[in-house]
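Work through the following exercises with the sequence and the 3D structure open. Try each task before reading its solution.

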Amino acid sequence: LHIGMFRRLCPGEGMQPLHQDRHSVPAMELKPARGEPGYFPGAQWGVAALWALSDCTAQNGATRLIPGSHLRSDVNLDMTLKRTEAQEQEVGWTPSEEDCILATMPRGSVLLYPSATVHGASANQTESVRDVCLFAYSPAWVRQEENLFLTTPPKVAAKLPQVVQELLGYSLHGQVLGMVDVNGDMGDPQDLLKE
């Protein structure tokens with residue numbers, strides 16, 4: 001789990017600026033390079049799930065998004081993380097409202113999108129609130145946006161089901177990533193929770 005949050009749009013609240021949710025991941029030069037066999041633009045490091053806790057309509061703040069924008073390496077947005085020198089030379093496309101589609105959805109629906117998709121909430125022009133819950137997921141080697149070890153300390157995590165503990169990061173990735181001191185030896189965070 002990269003981050004989990006509840007988001008309420010109140011009546012009269014304005015549009016959220018268009019952005020990507022990849023500002024917490026450093027720019028990387030990955031191989032194969034552009035023009036080489038197997039090249040895929042913009043490493044896809046995460047996925048977001050936006051759950052509609054109330055109806056999301058054009059009037060109350062449904063999410064605007066730009067399909068295919070997660071594949072672009074030339075996105076010019078203030079929130080986009082610092083780029084490598086090569087990537088900085090490629091910046092040139094500034095997303096606009098005309099590029100957006102509106103993700104209207106009834107309560108109980110979920111919108112799944114790659115975290116690098118350009119998106120933002122619309123304005124709430126109604127007298128009611130618009131509620132959503134966002135859960136974003138990333139590979140275990142990416143530092144979590146929300147420090148879940150502080151918001152869910154071991155004493156609390158120990159009471160949760162193991163699958164939830166692992167989503168919070170209380171697990172190993174591979175054989176060593178995420179190790180913790182358990183009785184003087186480096187070990188699996190699951191062993192720490194069993195103490």
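**Exercise 1. Find the residue of β7 that is the bridge partner of glycine 4.**

Solution. Strands here are DSSP runs of E with at least two residues, numbered from the N terminus. The partner of glycine 4 in β7 is phenylalanine 135. This pair lies in a wider pattern: β1 (residues 3-9) and β7 are antiparallel and share seven bridges. Two strands count as paired if DSSP finds at least two bridges between them.

The model is predicted, so local features need pLDDT of at least 70 and side-chain atom pairs pLDDT 80 or more, while totals for chains, interfaces and linings use all residues. Residues are numbered from 1 along each chain as its sequence is written, and side-chain values use heavy atoms, with hydrogens and water left out.

**Exercise 2. State how many bridges join β2 to β7, and give the order of the strands in the sheet.**

Solution. Step one: β2 and β7 run antiparallel and are joined by six bridges. Tryptophan 51 has cysteine 133 of β7 as its bridge partner, and leucine 50 stands opposite leucine 134. Step two: the open sheet has four strands in the order β1-β7-β2-β5, with antiparallel pairing. Step three: β1 and β5 are at the edges with a single partner strand each, so one side of each has no neighbour in the sheet.

**Exercise 3. Decide whether β7 is largely enclosed or not, and which strands supply the largest nonpolar core.**

Solution. Buried means under 20% relative accessible area, exposed over 50%, and partly exposed in between (1.4 Å probe, protein chains only). Six of the eight residues of β7 are buried, so the rest of the structure largely encloses this strand. A nonpolar core is a set of buried Ala, Val, Leu, Ile, Met, Phe, Trp, Tyr and Cys residues joined through side-chain atoms within 4.5 Å. The largest one has 14 residues; among those touching the most other members are Leu50, Leu111 and Leu134. At least two residues of this core come from each of β2 (47-52), β5 (110-114) and β7 (130-137).

**Exercise 4. Classify cysteine 10 and cysteine 100 by accessibility, and count the disulfides.**

Solution. Cysteine 10 is partly exposed, because its relative accessibility is 34%. Cysteine 100, at 17%, is buried. With a disulfide taken as a pair of cysteine sulfur atoms within 2.5 Å, the count is zero.
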